Amino acid sequence: MGIVLVPTFRREVNVDGQRIIEDEVRERVRQRGLDPAEHVAEVRSIVDLAVRDYDERSLLEGLPRLGHLDETGRAVFDAVAGFGPLQPLLDDPEVEEIWINSPSEVFAARDGGSELTSIRLDAAQVRLLVERMLKSSGRRLDLSSPFVDAALPDGSRLHVVIPDITRKHWSVNIRKFIARATRLDQLVELGSLSRHAADFLHLAVGAGLNVLVSGATQAGKTTLLNCLASGIGSRERVITVEEIFELKIPLRDVVAMQCRQSNLEGHGEIDMRRIVKEALRMRPDRIIVGEVREAEALDMLIAMNAGLPGMASVHANSARDAVTKICTLPLLAGENINSNFVLPTVASCIDLVVHCERKATGRREVSEIIKLGRRVENGVIESSTIFRRDEGELRIAPSADLSHEKFENSGIDPTILLGVGR
């Protein structure tokens, strides 16, 4: 995908005049003891008054004249209460991700394609923006901890790396969570799922089948997890476990938990394994692990093996690669864990794997759904494809077996409800 230089869609304002107003607004905010992140209306009122006052004074006192008052006011407000020059990109619903390679290289992604924006910063501005972004998260970034993951107030995910891990400049990534769908029906409308596949997955979640969602970065795994969760019963209690809050489960009884970094003394870290274990003590009807990366896969499997329905996502190139990975990750838990235990556990726990892909055009779609069997032969778990892409359509595989013990226990026959033969 080529790189295109794009404007930030903000008309020019007088920079010198804007800085004078910014200083005045910051002083008034400080005098009133306001927190710009919490007292948004008050700060906006202060900005509007300061812009009008400056515009009147500039006629009499020889101050730099402002250009467009509305644009100046918006730029000042973004600088004081928002994230400065990045705020227009954060507000743009078409922008999926923003990243900074250097102060003079600010990129944005729209529809899966990268664009070099016209935003130019300096090193001090980048540091100030990152400090402001981390303020509400309670997370830190320094030479002893040169990486940080955090969530912005709007739910966007922030990742920062600093030198000397990077060569020279701070590297900043902001991944926005744009919820274009919250239900499986909406994924059908977007063309990401077929009607039969959506109905089957809805029945599967309702019957308590354990679902693993796989795919590459930005393939739509989190969106699919949210949509799958819409099939959970309204009275069920759901516990979610994530590294950084991203899931937005559309149910009434939900507790969301995320990891925590260690403090300056190196204490207080809470990892995914600990949270999964704690989740089991919170009377869950379902557990959803946002992204399985390491040894927490073992604790998740143990929970599912105890009869607790769940869902999770994992990075993988295909549905069957996802099965291989989920069989490998538990081995990171310790030398006492081996494949003789993991393979049959995965076979008895994971029922379906749904694989997501992102095309070169930026389109996201489910490419395959496989069902895992209970047999393990020669170190391989039996599996069968039940849905696959055929000429661009997600269709039921000719030899697909839609039956499952959990369907039978729930009194559900998917072949009848979907109108297909066995």
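**Group meeting: rings, a helix face and one exposed aspartate**

Okay, let's start inside: F200 comes out at a relative accessible area of 1%, so F200 is buried. Before I go on, keep in mind that this is a predicted model.

So who does F200 meet? One partner is F387, with ring centres 5.7 Å apart and planes at 45°. That angle is neither under 30 degrees, for stacked, nor over 60, for edge-to-face, so we call the pair tilted. F387 is buried too, at 0% relative accessibility. What I like here is the sequence distance: F200 belongs to helix α7, residues 195-206, while F387 is in strand β15, residues 380-390, and 187 residues separate the two. So this pair ties distant parts of the chain together. And there's a third ring in the story, because ring pairs join F200, F387 and F407 into a cluster.

How many aromatic pairs are there by this rule? Three. One of them is W99 with F107, and that one is stacked, 5.7 Å centre to centre with 5° between the planes. Buried or exposed, these two? W99 has a relative accessible area of 18%, and since the cut-off for buried is under 20%, W99 counts as buried. F107, at 9%, is buried as well.

While we're on rings, there's a charge to look at. The charged end of R44 sits over the ring of F77, 3.9 Å from the ring centre.

Next, helix α9, residues 272-279. Which of its residues are buried? They are M272, I275, V276 and A279. Look at how they're arranged: they span an arc of only 100° around the axis, so they lie on the same side of α9. The background is familiar: an α-helix has 3.6 residues a turn, so residues three or four places apart point the same way. And what covers that buried set? The cover includes three strands, β9 (238-242), β10 (254-258) and β11 (286-289), plus helix α10 (296-305).

Last stop, the outside. D23 sits in helix α1, residues 15-32. Its relative accessible area is 54%, and because anything over 50% counts as exposed, D23 gets that label. If you want a feel for the distances, take D23 and P414: they are 391 residues apart in sequence, and C-alpha to C-alpha they are 65 Å apart in space.

So, if you open the model afterwards, go to the F200, F387 and F407 cluster, then to the buried side of α9. That's me done, over to you.

Note on methods:
Residues are numbered from 1 along each chain as its sequence is written. This is a predicted model: local features need pLDDT of at least 70, side-chain atom pairs count only at pLDDT 80 or more; totals for chains, interfaces and linings use all residues. Side-chain values use heavy atoms; hydrogens and water are left out. Helices (H or I, at least four residues) and strands (E, at least two) are DSSP runs, numbered from the N terminus. Buried means under 20% relative accessible area, exposed over 50%, partly exposed in between (1.4 Å probe, protein chains only). The arc is that of the directions from the helix axis to the C-beta atoms. Contact means heavy atoms within 4.5 Å. Rings of Phe, Tyr and Trp (its six-membered ring) pair if their centres lie within 6.5 Å; planes under 30 degrees apart count as stacked, over 60 as edge-to-face and the rest as tilted. A charge sits over a ring if NZ of Lys or CZ of Arg is within 6 Å of the ring centre and within 35 degrees of the ring normal.
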